[in-house]
Amino acid sequence: MGKALRGSVAVAALTCLASTAYAADKVVIVTSFPEDMTSVIEKAFEAAHPEYDLEVLNKSTSSGVKYIKEIASNNTADMFWASAPDAFEVLKKEGLLLKAGLSTEGIPDQIGSYPINDPDGFYYGFAASGYGIMWNTRYMEANGLEPAREWADLEKPEYFGHVGMSSPSRSGTTHLTVETVLQGEGWDQGWADWKWMAGNFASVTERSFGVPDGVNTGNFGMGIVIDFFAFSSRASGFPVDFAYPTVTALVPANIGIVANPANEAGAKAFVSFLLSEPGQETLFDPAIMRLPVNPSTYAKAPEGLPNPFTDNSIGAAVKFDVDKSGARYYVVSSLFDVMVTYRLDDLRAAVRAVQLAEEKHAGSDNAEAKALIAEARKLIEAMPITEEQSLDPAFAGAFTKVRKEQGDEIGQRQAELEQQWDAMVVANYAKARELAEKAAGM
Amino acid sequence: MSHRPATGTGRQTLADRLPAFLFPRLSPIALTGVFIAIFLIGFLIFPVLQVIHVAFQNPATGALTLQNFGDFFATALFRESFVNSFYVSAMSVVVATVIALPLAYITTRFNFGGSALIQSLGFIPLIMPPFVGAVAMQLIFGRNGTINLLLRQHLGFTIPFMEGLNGVILVQSIHYFPFILINLSASLRNIDRSMEEAAQNLGAHGLRLFRRVVFPLATPGYVAGAALVFIKVFDDLGTPLLLNVNNMLAPQAYLRITSVGISDPMGYVISVILVAFSILSLWASFLVMRGKDYATVQKGGGGLAKRDLAPREKVLAYGVVMFILAVVLSPHIGLFLLSIGTIWSFAPLPDGYTLANYARMWEASQDYVVNTVLYAGLAATLDVLIGTAIAYIVLRTGIAGRKWLDYLATAALAVPGVVLGIGYLRTFQDVNVPFLDKPLASWWVIIALALTIRRLPYALRACMAALQQVSLALEEAAESLGATKLRSIRKIVVPLMTGGILAGFVTSFATAAVELSATIMLVSSDSDSPLAYGIYLFMQTPSGRGAGAALGMLAVVIVALGTVLSQIIIERDKKLRTTGREH
């Protein structure tokens, strides 16, 4: 029915007209970046290249990826421009990006330990950002709290209910933070850290912008955010501040040309402009405040903006293994959601019970209570799968739509895996809470 | 006639010679039904199936299977989510009724100053612009919002308004009670005064009169509103996401569908279950109404008698109304403060006040306003046309499968906007618009069509309720006097439904004006984008919060003006009717 309809309308359209209505100079870019940022760069580009007219389409990263996919058959967009490297990986794997072969002269291969450009040449990094902790100064003062400066600080019991974060399945940059800690601290210790931090969460927000928003309004006091959210909030006058922890990663924000673009020359001109020195300098605009990837640009940097190429304190502590992160990408996202996002209430209750029990027995030497607490801690920290399993391709296969050939062994489905993990963590959290409450009652 | 031999007359057309079932003699009404069915299949069912068919596929092999549904019921998280969604929806209906009933009763039963104002203001909660509405509510009711900050400062305790399932119930009730208010008020206005007078003659008065006569006669409106609230809350994802409550069905579906790169079929499985459950709830609401007749014949009285309030009653009534309005309008008071505030952070009120937000908003938004009025107006007009037609077909004809028109249209409530958006791109990206040579999916009309589909259930419920109160006898009288079916519809049925149709128009228009989830998938150029998209653009940055709120206020004002206008039309219409002039 729909096919027939589609066919007849298409035939009608063909017989009516067959010329392209798109003006040669229109370049369409799909982006998740705010208008504050895109308008500055758009103006600079159109001044440098008056022959092109840049049309900016603003969509969230996930809608943007889906949009590019769905319009591919009759492409009306030229470029995709967003932070999260994983969104570009998805597009690249589906063959939706163009290998543009543009010059990246003057731009190093790596920032910190993360590659700036896609090694296969499908997308380019144009700015760097790092993750850190943002806090609301009024909130902290009113609650008598000192801001946390390291990830481990966020585990302290005095921060219970004061922290916000997004989820790695919602935001590629959040994913990177989670993975950075996992690689920096090791699989088991890293996850344990995340669970103790998450025990202090006020909420896991659905959008990554929900975190700076929550801190700005004072809905929660501290948030785990990407640096420019904090810089631009501060620049807008909100009473907030920001710190990079020692274990952090600098990540490039990216741009890529869509496969089969309507205006290839225009798209290439824009990407080249963005990577050129005048383009890189636009990032110093107060509304943008991102770190350029071209080290020579820093000569003109405004006061207070760190230079990651000379300042080794940022993002140097972790050797980030991109292949490892890629191999278990969706396993990490899903584990975080199963253990934290969807069971936040259970986790919080368990963590709080342990915190209170520890507080009560802080000075005492009640061996029995301490044993109970230790057991409760172990239950909370227990992982449903090991690091080896997380890197097993059969596991990752459950999360991606790679159709198997006939005869291949079919692994478990995502829903089955998640149900098993869920059953385990719910039981563990409940038991841990029970043990901790028993210890507190002693 | 097709059995007649073809030889002889020679005057037979081709159609006459073919078997009759190829050319069934359709009445114009049946034909309309067929067109609506085609429209719904083309713009709702087919695009949505394009997306959710993966719910019926084995994720590994692509073979058809029901295994995913097995997984759904085997997963503790989903079972819990289902129970949570059900509990929240049912409780929201209860709380929304508590809010709506006094407002509807007081404004329709008594001579109460400013009834029209209350009817309009009571409607505004429905217009909650995306994101800014959320921020405004957090600033008022949040854990560190105005109320809790003041409570902590002066009384040393806080109330978790916006936390957990109870928070969802509170926000949903505040947001959606207008569905009940509008439909119930329309129904109350349509009740024949003679019914009330008869009851009074027999000695009924006060609450007993209301409980035994008035409310039962208004049931179609109440059930229409309550069913909408129930289904809408069950399917709504905005509020749970705003409160970061994940363990309900709709947010689970949304989170799984929109996560980048993971192809988890469970999101689509949940969508299918949401659609099925919505249709089931609708069917259940039909059961409530079955076998009863709500129509009243005589329209001469022009609705219930209104009486004056005694002074003490007046104080009480004003008190109740003011309290309810203060609660339900507080998000918009917050929105207003946000729009004129400078910085508002962890404080009961903004630090300072400015008009700069409005200036910044106005610079960029004229296009948005024009587009929004165009899209939402087009969508709402189509909605009431289709809604009236479906209501007539379902209630007045015996066409086979007519109920399915209703089910199909209502299923749209349960389809997440993002699913509809992706479905449209998938279906219409390859269809070029004649003369324009661009994909139908990137033509602005597609946004209006998406809004039409998404808001059709609202208009449909209102039209159904209105028609249920019009007696068949009036049509029969008209037809026995020689009017054709179409003429009696045009001259008798539709005029008598005016109140309900307008209620439907306003609901569809207002909610379409702030829709974002499908729109954001479909916006393909800045100049075609509606207001909600403009709000989204502003809300992407910390500095755009005030300007976004200002644009949100503009949306509220536009829609409120539309509502007041239709209230005036309803009132004038009623006056015309009571004075007995030609309509």
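A residue counts as buried here if 20 or more other C-beta atoms lie within 10 Å of its own. I put that at the top of the page because the entry on Phe346(B) leans on it, with 24 C-beta neighbours inside 10 Å. One more reminder to myself before I start: this is a predicted model.

**Entry 1: two loop residues**

I began with backbone angles. Phe346(B) has a phi near 50 degrees, a positive value in a residue other than glycine. I looked up where Phe346(B) sits, and it is in the loop between α15 (311-340) and α16 (356-396) of chain B. Is Phe346(B) buried or exposed? I found 24 C-beta neighbours inside 10 Å, so Phe346(B) counts as buried.

Then I turned to chain A. Asn260(A) is not a glycine either, and its phi is positive at about 55 degrees. The loop that holds Asn260(A) runs between β11 (250-257) and α10 (264-275) of chain A. Here I noted 14 other C-beta atoms within 10 Å, so Asn260(A) is partly exposed.

**Entry 2: chain A as a whole**

I listed the secondary structure of chain A next, and it has 18 helices and 12 strands. How does the radius of gyration of chain A sit against the globule rule? I noted 24 Å, close to the 22 Å that the rule gives for 442 residues, so chain A is as compact as a globular protein of that length. Along its principal axes, the C-alpha trace of chain A spans about 85 × 60 × 35 Å. Of the 442 residues of chain A, 54% count as buried. I also looked at contacts in chain A between residues at least 6 apart in sequence, and 78% of them join residues at least 24 apart.

**Entry 3: chain B as a whole**

I ran the same look-ups on chain B. My list for chain B holds 24 helices and zero strands. Its radius of gyration is 25 Å, close to the 25 Å from the globule rule for 583 residues, so chain B is as compact as a globular protein of that length. The C-alpha atoms of chain B fill a box of roughly 95 × 70 × 50 Å, taken along the principal axes. For burial, I wrote down 52% of the 583 residues of chain B. Among the contacts in chain B with a separation of 6 or more, residues 24 or more positions apart account for 77%.

**Entry 4: where the chains meet**

How many residues does each chain bring to the contact? I have 75 residues from chain A and 60 residues from chain B. On the side of chain A that touches chain B, I sorted the residues into 30 nonpolar, 27 polar and 18 charged.

**Entry 5: helix pairs in chain B**

With helices on my mind, I picked three pairs.

*α9(B) and α10(B).* Helix α9 (residues 193-201) of chain B packs against helix α10 (residues 206-217) of chain B at an angle of about 160 degrees, with the axes 11 Å apart. Angles over 145 degrees count as roughly antiparallel, so that is what α9(B) is to α10(B). I noted the crossing as right-handed. From α9(B), Met195(B), Glu196(B), Ala199(B) and Gln200(B) meet Leu209(B), Val213(B), Val214(B) and Leu217(B) in α10(B). I sorted the residues of this contact into six nonpolar, one polar and one charged.

*α16(B) and α17(B).* α16(B) is one of the helices that flank the Phe346(B) loop. The axes of α16(B) and helix α17 (residues 402-411) of chain B come within 8 Å and cross at roughly 140 degrees. This crossing is left-handed. I listed Ile390(B), Ile393(B) and Val394(B) on α16(B), and Arg402(B), Lys403(B), Leu405(B), Asp406(B) and Ala409(B) on α17(B). The contact divides into five nonpolar residues, no polar and three charged.

*α18(B) and α19(B).* Helix α18 (residues 417-428) of chain B and helix α19 (residues 444-468) of chain B pack at about 135 degrees, their axes 11 Å apart. That angle makes α18(B) oblique to α19(B). I have the crossing down as right-handed. Which residues make the contact? On α18(B) I found Gly417(B), Leu420(B), Gly421(B), Tyr424(B) and Phe428(B), and on α19(B) Ile446(B), Ala450(B), Ile453(B) and Arg454(B). They divide into six nonpolar, two polar and one charged.

Conventions:
Residues are numbered from 1 along each chain as its sequence is written. Chains are lettered from A and ligands numbered from 1 in the order in which they are written. This is a predicted model: local features need pLDDT of at least 70, side-chain atom pairs count only at pLDDT 80 or more; totals for chains, interfaces and linings use all residues. Axes are lines fitted to C-alpha atoms, for helices over the stretch in contact, and angles run from 0 to 180 degrees between N-to-C directions. Helices (H or I, at least four residues) and strands (E, at least two) are DSSP runs, numbered from the N terminus. Angles under 35 degrees count as roughly parallel, over 145 as roughly antiparallel, 65 to 115 as roughly perpendicular and the rest as oblique. A crossing is left-handed if the near helix is turned anticlockwise from the far one by less than a right angle, and right-handed if clockwise. Two residues are in contact if their C-beta atoms, placed from the backbone, lie within 7 Å. Ala, Val, Leu, Ile, Met, Phe, Trp, Tyr, Cys and Pro count as nonpolar, Asp, Glu, Lys and Arg as charged, and the others, Gly among them, as polar. The radius of gyration is taken over C-alpha atoms; the globule rule is 2.2 Å times the number of residues to the power 0.38. A residue is buried if 20 or more other C-beta atoms lie within 10 Å of its own, exposed if 12 or fewer, and partly exposed in between; C-beta atoms are placed from the backbone.
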